[in-house]
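Trainee: Before we look at any single residue, could you show me how to read a structure feature by feature?

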Amino acid sequence: MTLDITNVETIIDRHGKDEKALIQAMLAVQEEFHYLPEEALKLLSEKLSVPMIRIYQVAAFYKVFSLDPRGKHIITVCKGTACHVRGSNMLVDQVDRVLKIRPGETTQDLEFTLEEVNCLGCCAIGPVMTVDNKYYGNMSVSKVERMINKYIEKEVVAND
Amino acid sequence: MTETFTAVDLETRRKKILSERDESKPCIMVCGGTGCLALESDLVAEALRKAIQDQGVDAKVELKTTGCPGFCEQGPLLVVHPEKIFYTHVKAKDAKEIISETIVNGKIVERLLYTDPITGKKILHENEVPFYKEQTRILLKNSGIIDPEKIEDYLAVDGYKAISKALLEMTPEQVLEEVKKANLRGRGGAGFPAAIKWELCRKVESDQRYIVCNADEGDPGAFQDRGIIEGNPHSILEGMLLGAYAMGASKGYIYIRHEYPLAVKMIKKAIVQARDLGLLGDNILSTDFSFDIEVQLGAGAFVCGEETALLASIEGRVGEPRTRPPYPAESGLWGKPTNINNTKTWAWVPHIITNGADWFAGIGNDKNRGTTIFSVVGKVNNTGLVEVPMGISLRHLIEHIGGGVPKGKKIKAVQTGGPSGGCIPERLFDLSVDYDSLKEAGSIMGSGGLIVMDEDTCMVDVARYFLDFCKFESCGKCSACREGVRRMYEIVDYITRGYGEEGDIEFLEELAQSIKIGSLCGLGQTAPNPVLTTIRYFREEYEAHIRDKQCPAGVCKSLILFEIVVDNCPGCTLCAKYCPVEAISGEKGKPHVIDESICIRCGVCRDVCNFNAVVVR
């Protein structure tokens, strides 16, 4: 994967060049690439004058950050209490059945990553899943495959 | 905007906005909160816009996207003003009919009306729905009425009047005195009086003071902060302005979860609008008072809801709590005096300054004043955001506003306060909901999540769930929390798997005490609460798991078996199709059978069965 460093420079310019901006800039990098590429972190380290060890400490501490490449589509299953009592565990198992990935894993073709989140705050319509920030409320095991297929089909259309 | 924008200009602006509005003109308000958006309310709004154009009624009706009115279960929600006709579960395909019938012909689209689950009757107007009727909506009053993306809408409901009043007529001391007199207790969960913190922060000599809005709403099952920020972001800004004025702070931070993208968008937009109008920045309303706000996103760490961890995170470091004292009021952000309050606490301030402390004291009970917002979720009919006076009984809240438990099931308990709280059994439901009573019952108010659990919920599994949460979220600094919670989880997990032994319960209780004593911050100190309250009120369920190796609620996988009731099974083959391990067999049209030796007890068959044929034994 070739990395377009110019975007990272823009991100740094937007968030300012001091330590305070570190987490905010890392969030923006993660948003851009879906993970934290090493080249981007090195640039952050240099421009913000923060040692790499501190950056890795932050990356390891906060759950949103990933140091490994993730899929093109991020599937998130909410495991908040309200979703839990409405059976969100079964949704995770169903994604596993369809895509053969457990939470934290990415499909081999780098298309999908499965994640869990502690609460998305849509508790009233739980269990909730999201794909790339699109929310799916009142989910059930039987709807999972159809939801995933929407994203697979999109790819096919896009490639044609 | 201009440096000469004064309080008088603000009033002129407000009058102009109001004079341009026609209250009798029909206005369709579509909920654009995260809940309704997940149910595609954006498509509904789009379809309505198109229908309005197609039918040429642009001049007759206005269309507005609002924040969350709270009744997410019934979403997408739509209210037609001025009559307040309340439509629920609206789909894009209903748009044409809503315009042609309701707007053009003045007729009601019956099928979209809300049906009361108790009486079975259709209800026409929003304010007649029991879910709303029984509430006292003050903080949530304008969510669902104003467009959160328009500062004009906030001005139209007397927005920024409180800060204008404070800057013109009150000294900072008087603002602080009013909040003190109101005895506003912090809405973050512990209920510490806000004005005492403010006073501490104000008294410390410093060239710079900071204030922070804690919108890191990490408690699973709570979303009231999200609701307020998405629905009425300017109310938070105004509250912070008043606090900054009272404390002499010049900079504020709003720390908000990145998991709330819509709320982040709304608050950022509101800040830009307020700056443009001269309500944030230098010389606000042409006075000597200057204050600005910055948004900082959380990166998914529950512990950052703790104030010292939150401050570390704003400074760009890992969110580990530190020892107190010094309290943030003395040494907070970058060593400067800092005051942190919850989103809802800030949202209260403008109301108190506008209406006075005496008005505030008239709501709720003496020690617990004002209202509180609960997110009523779980196994309950009417889920959503509910604002009620402090001191209301749990039973009233769940039965009258929540509409009881669905499918005729028996209610078992409610869980309040998230991972720091506890489970309260049905027999204590006459308890009044306030900081002190809930604490006495072993739970806490917390940030206001209220999760209803019915007979199908296993309390040992609930305890296991919260331990799993805290184990995952522990920052690792204190060994009592890091290791202790992990050990508690292992013990409870063993119990749910049928390996529990006599003495486990007592050991859990002992371990819980050690963790409480040995942890620095609230996360560790309260992590054992869900276990302690479930042992206190549902000891027999633990005993059933340990002694009889049974899960009375039929949840814990290792202790249950799934079975197909022959009489109910029409042989539709759906369960066999979904079974991941091919444990179900049978011919089409004939009752199916589950092979216990293959079954992994995932429950998919029960989930997909339309005939209630799959039961737990």
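**Reading backbone, burial and cysteines**

Mentor: Let us begin with one residue in a loop: B:Asn183 is partly exposed, with a relative accessible area of 25%. Please keep in mind throughout that this is a predicted model.

Trainee: What is the phi of B:Asn183, and where does B:Asn183 lie in chain B?

Mentor: Phi of B:Asn183 is near 50°, which is a positive value in a residue other than glycine, and the residue sits in the loop between α8 (172-182) and α9 (194-203) of chain B. A comparable entry in chain A is A:Ser49, which is not a glycine and yet has a positive phi of about 55°; A:Ser49 is found in the loop between α3 (38-48) and α4 (52-61) of that chain.

Trainee: Is A:Ser49 buried or exposed?

Mentor: A residue counts as exposed when its relative accessible area is over 50%. A:Ser49 has a relative accessible area of 63%, so it is exposed.

Trainee: Which residues are joined by a cis peptide bond in chain A, and which in chain B?

Mentor: For a peptide bond, the angle to read is omega. In chain A, a cis bond joins A:Gly126 and A:Pro127, with omega about 0°, and A:Pro127 belongs to the loop between β2 (112-117) and β3 (129-131). In chain B, a cis bond joins B:His81 and B:Pro82, with omega about 5°, and B:Pro82 is placed in the loop between β3 (78-81) and β4 (85-87) of chain B.

Trainee: Turning to helices, which residues of α16 in chain B are buried?

Mentor: In helix α16 (residues 394-401) of chain B, the buried residues are B:Leu394, B:Leu397, B:Ile398 and B:Ile401. Seen down the axis of α16(B), these buried residues fall within an arc of 115°, so they line one face of the helix.

Trainee: What covers the buried residues of α16(B), and what follows the helix?

Mentor: The cover includes one helix, α5 (130-133), together with the strands β11 (371-378), β12 (384-389), β13 (411-416), β14 (422-425) and β15 (449-454), which belong to chain B as well. After α16(B) comes B:Gly403, whose phi is positive, near 75°.

Trainee: How many disulfides does the structure hold over all chains?

Mentor: For cysteines, the reading rests on the distance between sulfur atoms, and a pair counts as a disulfide within 2.5 Å. The structure holds zero disulfides over all chains.

Trainee: Why is there no bond at the sulfur of B:Cys521, or at that of B:Cys602?

Mentor: The closest cysteine sulfur to that of B:Cys521 is in B:Cys475, and because it is 6.4 Å away, it is too far for a bond. For B:Cys602, the closest cysteine sulfur is in B:Cys605, and at 6.2 Å that one is also too far for a bond. As for their surroundings, B:Cys521 is buried, with a relative accessible area of 8%, and B:Cys602 is buried, with a relative accessible area of 11%.

Trainee: To finish with a whole chain, how many helices and strands does chain A have, and what percentage of its residues count as buried?

Mentor: Chain A has seven helices and four strands, which follow the pattern α-α-α-α-β-α-α-β-β-β-α along the sequence. Of its 160 residues, 57% count as buried. Among contacts in chain A between residues at least 6 apart in sequence, 62% join residues at least 24 apart.

Note on methods
Residues are numbered from 1 along each chain as its sequence is written. Chains are lettered from A and ligands numbered from 1 in the order in which they are written. This is a predicted model: local features need pLDDT of at least 70, side-chain atom pairs count only at pLDDT 80 or more; totals for chains, interfaces and linings use all residues. Side-chain values use heavy atoms; hydrogens and water are left out. Helices (H or I, at least four residues) and strands (E, at least two) are DSSP runs, numbered from the N terminus. Buried means under 20% relative accessible area, exposed over 50%, partly exposed in between (1.4 Å probe, protein chains only). Contact means heavy atoms within 4.5 Å. The arc is that of the directions from the helix axis to the C-beta atoms.
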